[in-house]
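Please open the model in a viewer and follow the selections below in order.

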Amino acid sequence: MKLYVTATILLLFCLTISAQGLLTEKQIFTHQDTLRGSITPERAWWDLTYYHLNVKVEPDTKFISGSNTIQYKVVDTQKDLQIDLQPPLKITKVTQNGEELNVVDDGNAHFIKLKNNQPIGSIQTIEVSYEGHPKEAVRAPWDGGFSWAKDDKGNDFVATSCQGLGASVWWPCKDHMYDEVDSMLISVNAPKGLMDVSNGRLRSIEQFGDTKTYNWFVKNPINNYGVNVNIGDYAHFSEVYDGERGHLDMDYYVLKDHLDKAKEHFKDAPKMMKAFEYWFGPYPFYEDGYKLVEVPYLGMEHQSSVTYGNHFMNGYLGSDLSGTGWGLKFDFIIIHESGHEWFANNITYKDIADMWIHEGFTAYSENLFLDYYYGKEASADYVIGTRKNIQNDRPIIGHYDVNNEGSGDMYYKGANMLHTLRQLVDDDDKWRQILRGLNKTFYHQTVTTKQIEDYLSQETGIDLTAFFNEYLRTTDIPTLEYLLDKNELKYHWTHIVDNFDMPVQVWINDKEQWLFPKADWQTIILDSNNNVLKVDRDFYVNVNKL
Ligand SMILES: [Zn+2]
C-alpha cells in the first residue's frame, strides 16, 4: 500500500510524512541504505526456508520481547550472516546448536560470527533473541512500526505495519525482499482477554498464566512486510467462498462493537474475490485462507490477513479518488488492499525501486473491479478520473540497491499506463489472459520490472521497450502534436524517449481510426477540408494542436 491520497489535507500530510519518514525524496544514499537495500555477500550465501517468530507484546509498557528462529539452506561459501533489527530494539542473544555466537553491530545490520562449518546444501538454524520498545508508528501505515491504540471501550488495540521501513523495525530478519521465507510460524502472546490475529491459519492457542499465545501458521512464501501482529478485542465471523480452486475460507475479525455493520459492509470481500479471480486467476493463497482484520490505521496488504481501517465506508475514507462517483461504489481499502494479494503478495518486487509492480497493477485493479460489476465505460471513467492525482514529479522507478521508492505516480500513472496498454492490445479477452498469465507465470515469486516488462512484450506481441521506458523511467507524457491544414493532417510524437512509436486511436470527425505517429512528422490526406481531431480518452497522452 503506502496509499496515495487526494483529499488535499491528507495528501499534504502524506507527502510531509513521506519527506520526513521515508526514503522517497532522498538522493544521497548512505552505507546503511546499501546494507538495507542490497543483496550483500552476508545475505547472498543463504536461502531462507523457515521462520518461527515468537513475540510477547505488552501494550502497558509498549515493550516487546521474544525470538526468531531462522532456518536456512546454505547455497554458497559461508560468510558472516547478516540479520537486520532496527534500534531501539536490541538483539540480546544469538545461538546456533546451543552455542552462543558473537555479533558485530553496524547500525541496523548485525553480522553474526558463525562457529560451525556450513556445508553447501545443508540446512542450518539460528535463534535470535531480542527485546525493547519498538519504533512507534506516528501515522501508520505511511511511516511504520507499532500502533498502540485503544478501542472505544478502552481495550488495547495494537497493530504493526512496516512497508518500506522494513520488518526489522519490529522483528529480526533478513530484511530484503528478494528472499521470501517458504513458510512461517508466528506466535504472539497477547495481553489478558485480547486476541492476536496474524497471517495464515490459527493453529493453536496456548494459555500462559492469564495470557494466551496465538500460533498462526503461514504455509506459503511470504514477504517480510506482509507479516503482522494485530491485537484487539475481536469478534469473528466467516464464510466459505466457492472459488476457482475450490472452497476458500474467508474470515473476518472486527472489534466486537462493529460486528453488525461489518457483516453488512464486508459483502464487498466476496464481490472482490469474484471480480479478481476473473481478471487475475485464482486467489494465490487458498491454503492460508483470506482474512480481513480491523486495525487502528487505514489498511495494508498483509498477506492472507489484509488489514482494514476504512471505518466501514465506501470510497477512500468516504471520498472518491477519481472524482467521478464510481469510487463510491466500493470500499477502497477492501478492494485495493486485497488486489495486492495478486500484485505484491503473489508477484512481489525484489527491489522496492520496482514498487510499481505492486501499486501500478493494484491501482489498476480498482477499475477492473468496476468493469466486472458496472461495465467498461464505468471502469474507464474511474481510471481516467484518477489522472488528476498524477504529479509527474519523478520517475515511477526508483534507485536500485538502496531501498528507494520511485514517485507516488506508481499508483495512478501506473494504472493509466496499463489502461493504455489494454487499448494497444485491443482484445479484452487476450488482455485478461495476459493478466492471469502473469499471476501463473510468476506464482509466489519475487521479480524485477524487466521480467514483467519482457513478459508483457512477449504476450502482447508488441515490443514495449520504449513504452515502458517512457512511462516508468521519465516524467514526460507522450504528446501528440498535430496540424490540420485543409485536407491535410500532419502529426508526430513529442516528449518521448528514443524509438517511441505507440499507435493511438483518434476520432477524425465522426470516424475512429488508428494513427501511427513517430518522432518524425507524417502527413495523411483526409476526405474533406473541414476536420476535427479528437484523441481517444483511453490513451494517457497529451495533445497539442498547432
Ligand atoms: Zn497499495
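**A sheet, a helix and a metal site**

Begin with the open sheet of three strands, which run in the order 3-7-6 with antiparallel pairing (strands are DSSP runs of E of at least two residues, numbered from the N terminus; two strands pair if DSSP finds at least two bridges between them). Its edges are strand 3 (81-84) and strand 6 (102-106), each of which pairs on one side only. On average, neighbouring strands of this sheet are turned by 30 degrees against each other, direction ignored (axes are lines fitted to C-alpha atoms).

This is a predicted model, in which local features need pLDDT of at least 70 and side-chain atom pairs count only at pLDDT 80 or more, while totals for chains, interfaces and linings use all residues. Residues are numbered from 1 along each chain as its sequence is written, and side-chain values use heavy atoms, with hydrogens and water left out.

Next, select strand 6 and strand 7 (residues 109-113), which pair in the antiparallel sense over five bridges. Asn-102 stands opposite Lys-113 in strand 7.

Move to helix 6 (residues 332-339), where eight of eight residues are buried (under 20% relative accessible area, 1.4 Å probe, protein chains only; helices are DSSP runs of H or I of at least four residues). At its start, a side-chain oxygen of Asp-331 reaches to within 2.9 Å of the backbone nitrogen of Ile-333.

Finally, select the zinc ion. Which residues coordinate the zinc ion? They are His-336 (NE2), His-340 (NE2) and Glu-359, the last through two OE entries, at 2.0 to 2.7 Å (donors are N, O and S atoms within 2.8 Å of the metal, or 3.2 Å for Na, K and Ca; water is not among the atoms, so sites may look incomplete). The donor residues are spaced H-x3-H-x18-E in sequence, and both His-336 and His-340 are buried. Angles among the four donor atoms span 51 to 154 degrees, and the site is irregular (four donors count as tetrahedral if all angles lie between 85 and 135 degrees; four count as square planar and six as octahedral if opposite donors are over 155 degrees apart and all others between 65 and 115; anything else is irregular).

Note on methods. Buried means under 20% relative accessible area, exposed over 50%, partly exposed in between (1.4 Å probe, protein chains only). A polar contact is a pair of N or O atoms within 3.5 Å; within protein, one must be able to donate a hydrogen and the other to accept it, and residues adjacent in sequence count only if both atoms are side-chain atoms. Axes are lines fitted to C-alpha atoms, for helices over the stretch in contact, and angles run from 0 to 180 degrees between N-to-C directions.
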